[in-house]
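Dear colleague,

I am passing on the structure we spoke about, and below it you will find my notes on what turned up in it. Please read them with the model open beside you.

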Amino acid sequence: KRFLADIEKTGSVVNYEVLLKKQDGTPLTVITSSHKYFDQDGNFQGIEGIFRDITERKQTEALYETIFEKLGIPMLIFEEDMGISRVNAEFEHTFGYTRSEIEGKMKWPSLIAEEDRNRMIQFHSLRRKNAANLPYSYEFKYLLKNGEVCDGSLIVTIIPGTKKSLVSIRNITDLLTTRTRLKNIEKIMNQLLSQLPDYVIIHEGETIMYVNNEGARLMGKTPDEIIGTSVLSFAAPEYHELLKQYIILRHQGEDIKPYAIEVTTLAGDRRWLEVRSASLPVYTTNTTLAVLTDITERKKAEEALKESEKKYRTIIEIIQELVYQAVLQGNLTMISPGGFTLTGYSHPEALMKHNIAEFYVNPIERKQLLETLEKDGKVTDYPITLVDKKGKIHHVTASSHYYSD
């Protein structure tokens, strides 16, 4: 009835939407361009026109309408002249305007902070000439109804078949705050790493991505000269396979305990380094943070200590006197081979089970010796009397002192 009434009123309709139904009752939405037609004598004969099925398009429009209103992101549509023709509910909530205040009454630039306004107007003009040369997503500052300036990120596109722009906006104030904090933390970390006395290297696989100042100094190069090179190039050749193996194991999630390697400096010196390393979980690739501590002097001291102990052991083994160590309670912890003759034992295992006090003829002498040690810290040529396993008496002198760990 409405369709026929409009035809009767105007004589024709263009892109007129009508809801029909199929034979099975299924609804069918069409648009029609129809008009009255007449015979050669001008007599009205009926109505003719074309129906075009737009059911699928209507469903798509309903989907887009749902997305536009329910996505939870402020969205708006503005025309070629930048007049705002449509906003969604989230836009109202975020910006503080009602639809009646903004739709058909405000233009897009009025919502943009002054510092970004000219740039955005320029983008709008250029996008209609060649959108491919412009970013579709960028950051800007926008204005709320109460005058507050917010940091935002937008995505903009031209609606196909029109000159309308569809814009979605996201508040990134918290993101920018976090980004600033991260930059400050990164700056502090870089300062910390650059000042550390240890050598710090970050490498992806075998390739060095970062080295601190101390690490560069060790290698005799600048950080820029080192970044991009292999960690193997600075390790002594005999450690290359070990390093490769640890890189693989670390990537597989294995914890690698601290280990020592030797490196060759640019001057040709070899230095001992203790390596403590861990995978960096923030990277998707096989990335390692390695902290290297120079232990060359410690290694030299250890070697000197071993050599000293070796000489000490040699002297102890050939000396004829009884040399021993015991805790304060007298339990033996070491005794020289010369002690076997004096005590009457032939095997050190059997002798080490005994207490040195057992060999004193008179326990008072042991007590007096300890009292003198307590007073003076040592005794020299202190006379005591011992008895061996077979009961033979031995008159000896003791030169003794306390020792510490």
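**Strands, a patch and two backbone angles**

Strand S14 (residues 324–326) and strand S15 (residues 332–335) run antiparallel and are joined by three bridges. Please keep in mind throughout that this is a predicted model. Within this pair, Tyr324 has Ile335 in S15 as its bridge partner. The two strands, S14 and S15, make a hairpin with five residues between them, and in the turn Gly330 has a positive phi of about 105°.

Further back in the sequence there is an open sheet of five strands, which follow the order S10-S9-S13-S12-S11 and pair in the antiparallel sense. Which strands stand at the edges of this sheet? They are strand S10 (207–211) and strand S11 (259–264), and because each has a single partner strand, one side of each is left without a neighbour in the sheet. From one strand to the next, the twist averages 35°. For the edge strand S11, the pairing with strand S12 (residues 270–279) is antiparallel and extends over six bridges, and one of the residues to look at there is Tyr259, whose bridge partner in S12 is Val275. When you follow the side chains along such strands, it may help to recall that in a regular strand they alternate between the two faces of the sheet.

On the surface, Leu63, Tyr64, Ile67, Leu71 and Ile73 make a nonpolar patch of about 470 Å². One of these residues, Leu71, is placed in the loop that lies between helix H2 (55–70) and strand S4 (75–78). Is Leu71 buried, partly exposed or exposed? Its relative accessibility is 48%, and it therefore counts as partly exposed, since the exposed class begins only over 50%.

Finally, two residues deserve a look for their backbone angles. Asn15, which is found in strand S1 (residues 12–21), has a phi near 50°, a positive value in a residue other than glycine. With a relative accessible area of 51%, Asn15 is exposed, because that value is over the 50% cut-off. Asp381, which lies in strand S16 (residues 378–387), likewise is not a glycine and yet has a positive phi, in this case of about 50°.

With best regards

How values were computed
Residues numbered from 1 in each chain as written. Predicted model: local features only at pLDDT ≥ 70, side-chain atom pairs only at ≥ 80, totals over all residues. Heavy atoms only, no water. Patch = residues over 30% accessible without salt bridge, like charges linked within 9 Å, V, L, I, M, F, W, Y side chains within 5 Å. Areas by Shrake-Rupley, 256 points an atom, 1.4 Å probe, with all protein chains shown as cover. Salt bridge = Lys/Arg side-chain N within 4 Å of Asp/Glu carboxyl O. Helix = DSSP H or I, 4+ residues; strand = E, 2+ residues; numbered from the N terminus. Buried < 20%, exposed > 50% of the residue type's maximum accessible area, 1.4 Å probe, protein only. Pairing = 2+ DSSP bridges. Axes fitted to C-alpha atoms, helices over the stretch in contact; angles between N-to-C directions.
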